Amino acid sequence: MLTLATWNINSVRMRLPRLTDWLNRRKPAIVCLQETKTPDGDFPAAPLEALGYRCLVHGQKAYNGVAILTNLEAGDIVRTLPGDPGDTDCRLLGATIAGVRVINIYAPNGQAVGSEKYAYKLGWYRRLRVALEGHDPEGAVVLCGDFNVAPEDRDVWDPEQWRGQILCSEPEREALRAIVGWGFVDLLRSRHPEDGLYTWWDYRGGAFHRGWGMRIDHILASASMESRCQSVEVDRDERKGEKPSDHAPVVATFAWPETAV
DNA sequence: ATGGCCAATTTTATTGGA
């Protein structure tokens, strides 16, 4: 079995005790982290390596940052979107692990519909869609991370309040549909159609306690990976307790020949 | 219950997050 998780950790240094506890309990083979907020030289690799994980990192000071932790061999590492030389945001990290092309993303937030950052977000999604052309939908591909888009109304705690707002606007949803349309399955939705299934809850206003959340972190799987999926769930426990991230991990397991791992 | 913003930097305010 192969376990893969995605988790917006909201500062890997602030969350290190929770992260190491969680790795010890879950023992995932592949973990895609977002918002590490840490330059590569300051990444806390040693305590993670002590647990058997190698750390692939692409970080910067204060903002953004992605990383892949894995206890398997990794190769063909990519850190940029093609045709994007002027972009200094650390938002993408791709690697081939156990024969799976794993692409970890932290999509721009967009701040407010109509803002400059919103335009940047939509442009970033267009570039991501172009980048997918370099891969084969019939292969083993997983695109996961914080997409900063709630795909449908059932992914939002109050769809009417959020209608047309950031994370929910139709152009954002269309951009995400274009990504999925490359040949992905939204893995959590493929197994769990119910309402109230969220991955992010605002720190403010007791949002988690009240069930005021949104589903903006996703694992998109190509058909061959979807067919191998044995389970996929939101680890809501990681939103509880002392100093949580405002996101919970999404964890998927796949049938996997032990010899291949 | 699972809680009442948080993290980083530019630090005693400001910015960004979502």
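This report describes two sheets, a helix pair, one helix residue and the surroundings of a DNA strand in a predicted model.

## The sheet that contains β1 and β14

One open sheet is built from six strands, which follow one another in the order β3-β4-β2-β1-β14-β13, and its pairing is mixed. At its edges stand β3 (54-58) and β13 (229-234), each of which pairs on one side only. From one strand to the next, the twist of this sheet averages 10 degrees.

Within this order, strand β1 (residues 2-8) is joined to strand β14 (residues 250-254) by five bridges, and the two run in the antiparallel sense. One point of register can be given for this pair, since Leu4 has Ala252 of β14 as its bridge partner.

## The sheet that contains β8, β12 and β9

A further open sheet of six strands has the order β5-β6-β7-β8-β12-β9, again with mixed pairing. The edge positions belong to β5 (74-78) and β9, and because each has a single partner strand, one side of each is left without a neighbour in the sheet. Here the twist averages 20 degrees from one strand to the next.

Strand β12 has β8 and β9 as its neighbours in the strand order. Strand β8 (residues 141-146) runs antiparallel to β12 and is connected to β12 by five bridges, with Cys144 standing opposite Ile219 of β12. Strand β9 (residues 184-186) also pairs with β12 in the antiparallel sense, in this case over three bridges, and Val185 has Ala221 of β12 as its bridge partner.

## Burial of strand β12

Six of the six residues of strand β12 (residues 217-222) are buried, and the strand is therefore largely enclosed by the rest of the structure. In a regular strand, side chains point alternately to one face of the sheet and to the other. Both faces of β12 are covered, for Asp217, Ile219 and Ala221 are buried on one side, while His218, Leu220 and Ser222 are buried on the other. Ile219, the residue opposite Cys144, and Ala221, the bridge partner of Val185, thus both belong to the side that also carries Asp217.

## Packing of helices α3 and α5

Helix α3 (residues 116-132) packs against helix α5 (residues 170-180) at an angle of about 10 degrees, and the axes of the two helices lie 9 Å apart. Because angles under 35 degrees count as roughly parallel, α3 and α5 are described as roughly parallel to each other.

On the α3 side the contact is made by Leu122, Tyr125, Leu128 and Arg129, and on the α5 side by Pro171, Ala175, Ala178 and Ile179. Seven of these contact residues are nonpolar and one is charged, with no polar residue among them.

## Ser190 in helix α6

Ser190 is part of helix α6 (residues 187-191). This residue counts as partly exposed, because 13 C-beta neighbours lie inside 10 Å. When residues up to four places away in sequence are left out, Ser190 touches Val185 and Glu226, and Val185 is the residue whose bridge partner in β12 is Ala221. The C-alpha atoms of Ser190 and Ala255 are separated by 16 Å, although the two residues are 65 residues apart along the chain.

## Surroundings of DNA strand B

Around DNA strand B there are 27 residues, of which Ser11, Ala62, Tyr203, His209 and Lys240 come nearest. The surface near this strand comprises eight nonpolar, 10 polar and nine charged residues.

How values were computed
Residues are numbered from 1 along each chain as its sequence is written. Chains are lettered from A and ligands numbered from 1 in the order in which they are written. This is a predicted model: local features need pLDDT of at least 70, side-chain atom pairs count only at pLDDT 80 or more; totals for chains, interfaces and linings use all residues. Axes are lines fitted to C-alpha atoms, for helices over the stretch in contact, and angles run from 0 to 180 degrees between N-to-C directions. Helices (H or I, at least four residues) and strands (E, at least two) are DSSP runs, numbered from the N terminus. Angles under 35 degrees count as roughly parallel, over 145 as roughly antiparallel, 65 to 115 as roughly perpendicular and the rest as oblique. Two residues are in contact if their C-beta atoms, placed from the backbone, lie within 7 Å. Ala, Val, Leu, Ile, Met, Phe, Trp, Tyr, Cys and Pro count as nonpolar, Asp, Glu, Lys and Arg as charged, and the others, Gly among them, as polar. A residue is near a molecule or strand if its C-beta atom, placed from the backbone, lies within 6 Å of it. A residue is buried if 20 or more other C-beta atoms lie within 10 Å of its own, exposed if 12 or fewer, and partly exposed in between; C-beta atoms are placed from the backbone. Two strands pair if DSSP finds at least two bridges between them.
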